[in-house]
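Visitor: Please pick out one part of this model and take me through it closely, with its surroundings as well.

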Amino acid sequence: MSWASVNSIPDSIDGDGRDFEPELEPLMCATCGTEIEVGPEGPYPTVCPACLQPLDLETQFAYSRGRDAFAVGQEILIRISPRLRKRNLFTTEELEGLEYYKQAYSSLQLAFQGVLAEQQRWLGVEMMAAIVNILLQHQLISELEFGFWGSLNKEQNIQQECVEVQHKMTGLPHGLFTFLVRLRWHLRLRQLQKALRELDANIHKFQRLIRFTEPVNARRIPDRGK
Ligand SMILES: [Zn+2]
């Protein structure tokens, strides 16, 4: 199945056999990260009550749909043991789980066309990496899409480790006894930075080869805050 056909899956799936209801996530302001609680009937605010910037509700709803479908799909697929999965390629349960994953994949793609709050972007990339892993096993996506989302996930994990190492180095007192520790962290940081440069080149290569028709805003915007 190509990118386009995964994209054309309808936005809602009937809840047959669905016995797991994920918790409703609050909307989030992409600018300042403020969580906005809205009742099931609305009304939906058009601007963030904290920073007064306009809210992109379409992007927020696409994200919620994606996250919701992912949670249900994961709950279904987790119940099937990997051994059974291999022996019996398409059980009814597995097909149902895959449907939710495909729905999550298309909704999250739509959400990434807009701008998400950093916390949502982070989690969205993690969900996409988990989804493409399963979809590739069933040849429902291309190796390129798998490579793209997998690389983005690796990139954000390494970015996170960089921040942690830098934090540890800042907290280390200067002196002879800490010299070796500092040296070790310094070398680790250089290793991570090299890995990030390689990933950046790979991500650009995947983007070129996939030829996205819409922008995919899935990479961290530096210094954006939360
Ligand atoms: Zn805000």
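Guide: Gln139 lies just after helix H5 and takes a positive phi of about 50°; helices (H or I, at least four residues) and strands (E, at least two) are DSSP runs, numbered from the N terminus. The model is predicted, with local features needing pLDDT of at least 70 and side-chain atom pairs pLDDT 80 or more, while totals for chains, interfaces and linings use all residues. Residues are numbered from 1 along each chain as its sequence is written.

H5 itself has 20 residues and reaches 29 Å from its first C-alpha to its last, close to the 28 Å expected (1.5 Å times one less than the number of residues). The protein chain around this helix has seven helices and two strands, in the order α-β-β-α-α-α-α-α-α from the N terminus, and 24% of its 226 residues count as buried (20 or more other C-beta atoms within 10 Å of a residue's own; exposed is 12 or fewer, partly exposed in between, with C-beta atoms placed from the backbone). In H5 the buried residues are Gln120, Arg121, Gly124, Val125, Met127, Met128, Ile131, Val132, Ile134 and Leu135, and what covers them includes E1, H2, H4 and H6.

Three of these buried residues, Met128, Ile131 and Leu135, join Tyr101, Ala104 and Leu108 as the members that touch the most others in the largest nonpolar core, which has 34 residues (buried Ala, Val, Leu, Ile, Met, Phe, Trp, Tyr and Cys joined through C-beta atoms within 7 Å). The elements that give two or more residues to this core are strand E1 (27-28) and helices H2 (57-78), H4 (92-111), H5 (118-137) and H6 (143-171). Leaving aside residues up to four places away in sequence, Ile131 touches Phe70, Tyr101, Ala104 and Tyr105, where contact takes C-beta atoms within 7 Å, placed from the backbone.

Phe70 also belongs to the packing of H2 against H5, whose axes come within 11 Å and cross at roughly 45° (lines fitted to C-alpha atoms over the stretch in contact, with angles from 0 to 180 degrees between N-to-C directions). On the H2 side the contact is made by Tyr63, Gly66, Arg67, Phe70 and Leu77, and on the H5 side by Gln120, Gly124, Met127, Ile131 and Ile134. H2 and H5 are therefore oblique to each other (under 35 degrees is roughly parallel, over 145 roughly antiparallel, 65 to 115 roughly perpendicular, the rest oblique). H2 also packs with H4, at an angle of about 160° and with the axes 7 Å apart, which makes H2 and H4 roughly antiparallel.

Technical notes: Contact = placed C-beta atoms within 7 Å.
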